[in-house]
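Visitor: I'm new to this one. Can you walk me through it?
Guide: Sure, here it is.

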2 protein chains.
Amino acid sequence: MSPTAALQLLAVPGLPMIEPGDDLAKLIAEGLAHGNLQPRAGDVLAIAQKVVSKAEGRSIDLATVKPSARAVELAKEVQKDPRLVELILSESVRVVRSRPNVLIVEHRLGFVMANAGVDQSNVGPTDGVERALLLPLDPDGTAETLRKSLAAQFGAPLAVIITDSFGRAWRRGTAGVAIGASGLPALLDLRGNPDLFGRTLQVSISGFADEIAAAASLVMGQGDEAQPVVLVRGLTWSAANNPASELVRPAAEDMFR
Amino acid sequence: MSPTAALQLLAVPGLPMIEPGDDLAKLIAEGLAHGNLQPRAGDVLAIAQKVVSKAEGRSIDLATVKPSARAVELAKEVQKDPRLVELILSESVRVVRSRPNVLIVEHRLGFVMANAGVDQSNVGPTDGVERALLLPLDPDGTAETLRKSLAAQFGAPLAVIITDSFGRAWRRGTAGVAIGASGLPALLDLRGNPDLFGRTLQVSISGFADEIAAAASLVMGQGDEAQPVVLVRGLTWSAANNPASELVRPAAEDMFR
């Protein structure tokens, strides 16, 4: 792989508040045009999970949620709204850790994460309705659909990632990760490539799409949807494409679940 | 915090192979001049751990290492060179997980990581001597020393991070992290900032320096020291500075050690 000498990350301007049913590819294309950004071959579009979830109608009115007995009990332990806990459990395959103010689960897509990604912030509008936003149904699939649509519109092979921010087991603060990807190797396996001295690299599997997501997160800003789409320009890679599901460590390999 | 609209990452060219005792600040300044890069206020210089370790003389000739009985025993279990295991143990305060081909420890600086960061790749030159490279003694301290020196040389307030690539508990592939930082908030605590709808953000502590390190890692390239220093331009922040040690989750808060 030839190293990337320079990388540019540009916020795509002019995106409106996203509503259920919105055509995200069309809105992103309009935003790119608005910013005089002409996507080129090899550009990566990083899209925040929240706008994908909103476009997919994954916003839930909490008043419609009836918590199960298990959710009520767990909600007491973790000191959260039982309706929120019900949604979290409905999106999860197992509870990994629970403590007051902490609920770490294995999401149905394999992500070990807080609250199954169910988010109460930035969900509005402030119409008095309490809403929670779930992760997209199939982020790799949505990344592929968006990539195909945008590549066709711009006549250039692009890549798309859908990003979220996850906590880490041993490090404080969240970092951007890719929960969906299409058009690039989300997991970049460089084992076998020689290092500068001809020694075969021992640990050389990189969470490529996660690093792109972390970079994009710096531009998106925390807790602010004003810049949910970021154009990443200048990356090069020569491995085969694979989806973000490749970034999920299988439970059988996991020593910490 | 005003969002960052555009971010640029530029490899600093012209760095020589680093030798013990090298003046890294001087070599980086020369590289910047070589690339016609004039650092500005707010620029962040991301420096790969390996060149810091090399300049500090943290390269060890394996022939000089006498493995303890404990190292010999553990080496059998994890199928590694007993001398390497001795070095790993000498850099660690506890073994977190051990399995064939896996040795995850708590490094003396608190990092939970594979092999205490002791690295056999890219250590050369190929003089027949088998060497291993340890992490810098005090990466936050070194980041501060380098920052002061570079800021004085360029007359501009800069930030410096020292980067490494860590594995993650639940995700495959490594991602860049900051093991040293000076001149920026390594951990960015945005709790209490309102979101777009005035709701107070619930989870809003960002591993800011880790995300910068992940972004820089995309430019440094995997297993290649040709681009060990990256200039990151365009970040804005308004929180107080703190060192990379703030990114380490204290053992008392850790649910997975």
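Visitor: How do β4(A) and β5 of chain A pair?
Guide: In the antiparallel sense, over six bridges. Strand β5 covers residues 102-107. Strands count as paired if DSSP finds at least two bridges between them. Strands are DSSP runs of E with at least two residues, helices are runs of H or I with at least four, and numbering starts at the N terminus.

Visitor: Is this a predicted model, and how are things numbered?
Guide: This is a predicted model: local features need pLDDT of at least 70, side-chain atom pairs count only at pLDDT 80 or more, and totals for chains, interfaces and linings use all residues. Residues are numbered from 1 along each chain as its sequence is written, while chains are lettered from A and ligands numbered from 1 in the order in which they are written.

Visitor: Back to the strands. What is the bridge partner of V95(A)?
Guide: V105(A), in β5(A).

Visitor: What's the strand order in that sheet?
Guide: β4-β5-β6 in chain A, an open sheet of three strands with antiparallel pairing. The edge strands are β4 (92-99) and β6 (112-114), and each pairs on one side only. Neighbouring strands are turned by 30 degrees against each other on average, direction ignored.

Visitor: Which helix lies across β4 and β5 of chain A?
Guide: Helix α3 of chain A, residues 69-78. It runs at about 35 degrees to β4(A). Axes are lines fitted to C-alpha atoms, for helices over the stretch in contact, and angles run from 0 to 180 degrees between N-to-C directions. Two residues are in contact if their C-beta atoms, placed from the backbone, lie within 7 Å.

Visitor: What sits in the loop between β4 and β5 of chain A?
Guide: N101(A) has its place there. Its phi is near 70 degrees, a positive value in a residue other than glycine. Most residues other than glycine have a negative phi.

Visitor: Is N101(A) buried or exposed?
Guide: N101(A) counts as exposed, because it has 10 C-beta neighbours inside 10 Å. The cut-offs: buried means 20 or more other C-beta atoms within 10 Å of the residue's own, exposed means 12 or fewer, and partly exposed is in between, with C-beta atoms placed from the backbone.

Visitor: And chain B, what does N101(B) do in the hairpin of β4(B) and β5(B)?
Guide: N101(B) takes a positive phi near 70 degrees. That hairpin has two residues between the strands. β4 and β5 of chain B pair in the antiparallel sense over six bridges. R99(B) stands opposite V102(B) in β5(B).

Visitor: New topic. Where is V230(B)?
Guide: In strand β12 of chain B, residues 229-233. V230(B) is buried, because 28 other C-beta atoms lie within 10 Å. Not counting residues up to four places away in sequence, V230(B) touches several residues, including L9(B), V12(B), A46(B) and M220(B). V230(B) and M220(B) are ten residues apart in sequence and 7.1 Å apart in space, C-alpha to C-alpha.

Visitor: What domains does chain A have?
Guide: Domain 1 is 8-57 + 136-250, and domain 2 is 59-133. Domain bounds come from an automatic or database domain assignment. The domain centres, taken over C-alpha atoms, are separated by 25 Å. The contact takes twelve residues from domain 1 and nine residues from domain 2.

Visitor: Which element gives the most to the domain 1 side?
Guide: α2(A), with three residues.
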